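Welcome! Please take a look at the chain below, turn it around a little, and then read on for a short guided tour.

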Amino acid sequence: GDADPKFKEGMELIFKQLMGVLEKAGVTEIQALGQEFDPNFHNAVMMEDTDEYESNHVSGVIQKGYMMKSKVLRPSMVKVAK
């Protein structure tokens with residue numbers, strides 16, 4: 001059956017609190033979509049032909065990446081326009 005809505009609400013609240021704690025600690029999401037591909041921040045897992053984005057720019061985010069202040073915790077897993 002469906003998950004208890006109260007349980008879901010509780011999980012969302014915990015997630016929001018966790019994100020708040022991380023933000024205070026200096027953790028931010030790496031901006032990727034539409035940015036020029038940068039191997040320091042982006043892990044390219046595939047290339048694609050697209051007219052939507054310029055060549056060598058991130059055309060899709062498969063998994064979000066995060067930084068803590070200036071240190072990369074996990075690079076963004078991305079698709080890059082050919």
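Let us begin with a hairpin. In this predicted model, β4 and β5 form a hairpin with 2 residues between them. One residue in that turn, K69, has a positive phi of about 55 degrees.

**The hairpin and its sheet**

β4 covers residues 66-68 and β5 covers residues 71-74, with K69 in the loop between them. The two strands pair in the antiparallel sense, over 3 bridges. If you would like to find this pairing on screen, look for M68, which stands opposite K71 in β5.

The hairpin belongs to an open sheet of 3 strands, in the order β1-β4-β5, with antiparallel pairing. Why is one side of β1 and of β5 left without a neighbour in the sheet? These two strands stand at the edges, and each has a single partner strand, so one side of each has no neighbour there. From one strand to the next, the twist averages 35 degrees.

β1 itself spans 27-29. It is joined to β4 by 3 bridges, and the two run antiparallel. Here T28 has M67 in β4 as its bridge partner.

**The other sheet**

Now move to another open sheet of 3 strands, whose order is β2-β6-β3 and whose pairing is mixed. Which strands are the edge strands? They are β2 and β3, and each of them pairs on one side only. Neighbouring strands of this sheet are turned against each other by 30 degrees on average, with direction ignored.

β2 and β6 (residues 76-81) run parallel and are joined by 6 bridges. To locate this pairing, find E48, which stands opposite A81 in β6.

A general point helps when you look at any strand: in a regular strand the side chains alternate between the two faces of the sheet.

**Two residues with a positive phi**

Most residues other than glycine have a negative phi. With that in mind, K69 from the hairpin can be set beside another residue, N56. Neither N56 nor K69 is a glycine, yet each appears here with a positive phi.

| Residue | Phi | Loop | Relative accessible area |
|---|---|---|---|
| N56 | about 65 degrees | between β2 (42-48) and β3 (58-63) | 34% |
| K69 | about 55 degrees | between β4 (66-68) and β5 (71-74) | 62% |

Are these residues exposed or partly exposed? The cut-off for exposed is over 50% relative accessible area. K69 is exposed because its relative accessible area is 62%. N56, with 34%, is partly exposed.

**Along helix α1**

Finally, turn to helix α1, which is made of residues 5-24. I14 lies in this helix. Together with F7 and M11, I14 makes a nonpolar surface patch of about 320 Å².

L18 is also found in helix α1. How much of L18 is accessible? Its relative accessible area is 45%, so L18 counts as partly exposed.

L18 also gives you a distance to try on screen. L18 and G60 are 42 residues apart along the chain, and their C-alpha atoms are separated by 26 Å.

Key:
Residues numbered from 1 in each chain as written. Predicted model: local features only at pLDDT ≥ 70, side-chain atom pairs only at ≥ 80, totals over all residues. Heavy atoms only, no water. Helix = DSSP H or I, 4+ residues; strand = E, 2+ residues; numbered from the N terminus. Buried < 20%, exposed > 50% of the residue type's maximum accessible area, 1.4 Å probe, protein only. Pairing = 2+ DSSP bridges. Axes fitted to C-alpha atoms, helices over the stretch in contact; angles between N-to-C directions. Patch = residues over 30% accessible without salt bridge, like charges linked within 9 Å, V, L, I, M, F, W, Y side chains within 5 Å. Areas by Shrake-Rupley, 256 points an atom, 1.4 Å probe, with all protein chains shown as cover. Salt bridge = Lys/Arg side-chain N within 4 Å of Asp/Glu carboxyl O.
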